[in-house]
Number of protein chains: 2
Amino acid sequence: MHPLFHYINNYATTLLSKDDFGFVLSHFISKKIRRRQYLLQEGEICKYFGFIVKGAMRKYLLDEKGGEHVVDLYVENWWAGDRESFVRFTPSTYNIDAWEDSELLLVSREDMLKLRSECPSFNELVLKLDEYNNIAAQKRITSAISLTSEKRYEDFVERHPYFVQRFPQHIIASYLGVTKDTLSRVRKKVIKK
Amino acid sequence: MHPLFHYINNYATTLLSKDDFGFVLSHFISKKIRRRQYLLQEGEICKYFGFIVKGAMRKYLLDEKGGEHVVDLYVENWWAGDRESFVRFTPSTYNIDAWEDSELLLVSREDMLKLRSECPSFNELVLKLDEYNNIAAQKRITSAISLTSEKRYEDFVERHPYFVQRFPQHIIASYLGVTKDTLSRVRKKVIKK
DNA sequence: AAAAAATATCGACAAATGTCTACGCTGTAT
DNA sequence: ATACAGCGTAGACATTTGTCGATATTTTTT
């Protein structure tokens, strides 16, 4: 079964028929990108949101000193893109690149809106995703402002064990808002327990 | 003109008639709460989202040591509530209380869904708000993990000058994820500029 | 196989932040 | 008028985190 088909029906309450899925899929563009290649670069407008069929990606930004700050991590069945740029057609401040060779299904803003209005299951999916994302974002903010780095890491491992497997520690450190050295120290403490 | 009427028409593309607004308003419950009173307490289920007609409120959580961590600030024309609890009917981990005497318009999950399905302008409002909230949350996460406390504060003042007027520094410090002492130090630096 | 790049850890030191106590100021309640 | 609580700042000290250089190991490239 196609990963996207499975994914949509996992969210929607009214199941999508094979035919309807064909209609949905016809609005996506298949794309393979290699490790280190960009899906989006700072300054570009995010024209497509990408559903990750296979692979691992990250979204990050660069500070004045050229340091990378990882904002999001993605693996299979996640969506990669910069929402603000996608919705408002403004140049993005983020970079999105592939951490592993990846296979994506791209959809434009226009087709996204078309699918939402013409396919109720797809619309339902998007609404639920939005809700989920809002809740997840709230949790991440809460974690960032109220937890110690040690607890943030433990929380992260518990909630995203698949990320721990697929991204190196310095990427995870950046995602947690600390340096790789600090994460190394934190891990030493945590492992002792 | 009623603040909520003005607010909805500010977001919706198709304007709401006076009659339709009456229909919308009939699903809201008016409530006044005094400074320090709770709209929501940890452990409760968030049964209502509150549109703030007048006043100032905050959402925060308590850590093991009893310390408060401010997660959100609200003033007029903002919505106060815990989305996760509201949507999933789970006990909230947050507290929401009034920082100033406030007037709210409360709406239940049920009525919210009813309004969304029966009033297109209201639905449009909610969708746009969700989008806005998602984007704002992303920015706040980015700010938390990639900026120094000094820049976070400058960013905050620039983006939310009305908050600076209405909440004391120790509340703002908590919102930014630092102690009041640190914010005091940061401000001393910033003012020198 | 050899060379290069990426990764993780460590120690030493510096910088940032938290913690605690104290002080003065303000507005409010009594 | 007095007492009190809330607020912002300050200094001293402890803790955490960042920075930098070094190293060992692994992985990737040539």
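These legends describe close-up views of a predicted model with protein chains A and B and DNA strands C and D.

**View 1. Protein residues around DNA strand C.**
In this predicted model, 17 residues lie around DNA strand C. Those that come nearest are A:Gln169, A:His170, B:Asp181, B:Thr182 and B:Arg185. The backbone of the strand accounts for much of the contact: of the strand C atoms within 4 Å of the protein, 72% belong to sugar or phosphate. The rest belong to bases. By class, the surface near strand C has 7 charged, 7 polar and 3 nonpolar residues.

**View 2. Polar contacts to DNA strand C.**
B:Arg185 reaches a base: one of its polar side-chain atoms lies 2.7 Å from a base nitrogen of strand C. Phosphate oxygens of the strand are contacted from both chains. From chain B, an N or O atom in the side chain of B:Thr179 is 3.1 Å from a phosphate oxygen. From chain A, the side chain of A:Lys188 places an N or O atom 3.4 Å from a phosphate oxygen. Three elements give two or more residues to the surface near strand C: helix 8 (169-176) and helix 9 (180-192) of chain A, and helix 9 (180-192) of chain B. Helix 9 of chain A gives the most, with 6 residues.

**View 3. Protein residues around DNA strand D.**
DNA strand D is surrounded by 17 residues. The closest are A:Ser149, A:Thr182, A:Arg185, B:Gln169 and B:His170. Sugar or phosphate supplies 72% of the strand D atoms within 4 Å of the protein, and bases supply the rest. The surface near strand D has 3 nonpolar residues, 7 polar residues and 7 charged residues.

**View 4. Polar contacts to DNA strand D.**
Which atom of strand D lies 2.7 Å from a polar side-chain atom of A:Arg185? It is a base nitrogen. Chain B supplies contacts to phosphate. A polar side-chain atom of B:Gln169 lies 2.7 Å from a phosphate oxygen of strand D. For B:Arg187, the distance from a polar side-chain atom to a phosphate oxygen is 3.5 Å. Helix 9 of chain A, together with helix 8 and helix 9 of chain B, are the elements that give two or more residues to this surface. Helix 9 of chain B gives the most, with 6 residues.

**View 5. Helix 8 of chain B and the glycine after it.**
Helix 8 of chain B spans residues 169-176 and is mostly covered. Of its 8 residues, 6 are buried. These are B:Ile171, B:Ile172, B:Ala173, B:Ser174, B:Tyr175 and B:Leu176. B:Gly177 follows the helix, and its phi is positive, near 85°.

**View 6. B:Thr182 in helix 9 of chain B.**
B:Thr182 is found in helix 9 of chain B and is among the residues that come nearest to DNA strand C. B:Thr182 counts as partly exposed because its relative accessibility is 21%. For scale, B:Val75 is 107 residues away from B:Thr182 in sequence. In space, the two are 25 Å apart, C-alpha to C-alpha.

**View 7. Helix 1 packed on helix 5 in chain B.**
Helix 1 (residues 3-11) and helix 5 (residues 120-146) of chain B pack at an angle of about 70°. Their axes are 9 Å apart. The angle therefore makes helix 1 of chain B roughly perpendicular to helix 5 of chain B. Helix 1 makes the contact through B:Tyr7, B:Ile8 and B:Tyr11. Helix 5 contributes B:Ser121, B:Phe122, B:Glu124, B:Leu125, B:Lys128 and B:Leu129. By class, this contact has 6 nonpolar, 1 polar and 2 charged residues.

**View 8. B:Glu131 in contact with chain A.**
B:Glu131 sits in helix 5 of chain B. Is B:Glu131 buried or exposed? At 17% relative accessibility, B:Glu131 counts as buried. Leaving aside neighbours within four places in sequence, B:Glu131 is in contact with A:Arg83, A:Val87 and A:Arg109.

**View 9. Arg36 in chains A and B.**
Most residues other than glycine have a negative phi. A:Arg36 has a positive phi of about 80° although it is not a glycine. A:Arg36 is found in the loop between strand 1 (29-33) and strand 2 (38-40) of chain A. With a relative accessible area of 47%, A:Arg36 is partly exposed. In chain B, phi of B:Arg36 is also positive, near 80°. B:Arg36 lies in the loop between strand 1 (29-33) and strand 2 (38-40) of chain B. B:Arg36 counts as partly exposed, at 47% relative accessibility.

Technical notes:
Residues numbered from 1 in each chain as written. Chains lettered and ligands numbered in written order. Heavy atoms only, no water. Buried < 20%, exposed > 50% of the residue type's maximum accessible area, 1.4 Å probe, protein only. Helix = DSSP H or I, 4+ residues; strand = E, 2+ residues; numbered from the N terminus. Near = heavy atom within 4 Å. Polar contact = N/O pair within 3.5 Å; in protein donor to acceptor, adjacent residues only side chain to side chain. Nonpolar A, V, L, I, M, F, W, Y, C, P; charged D, E, K, R; others polar. Axes fitted to C-alpha atoms, helices over the stretch in contact; angles between N-to-C directions. Parallel < 35°, antiparallel > 145°, perpendicular 65-115°, else oblique. Contact = heavy atoms within 4.5 Å.
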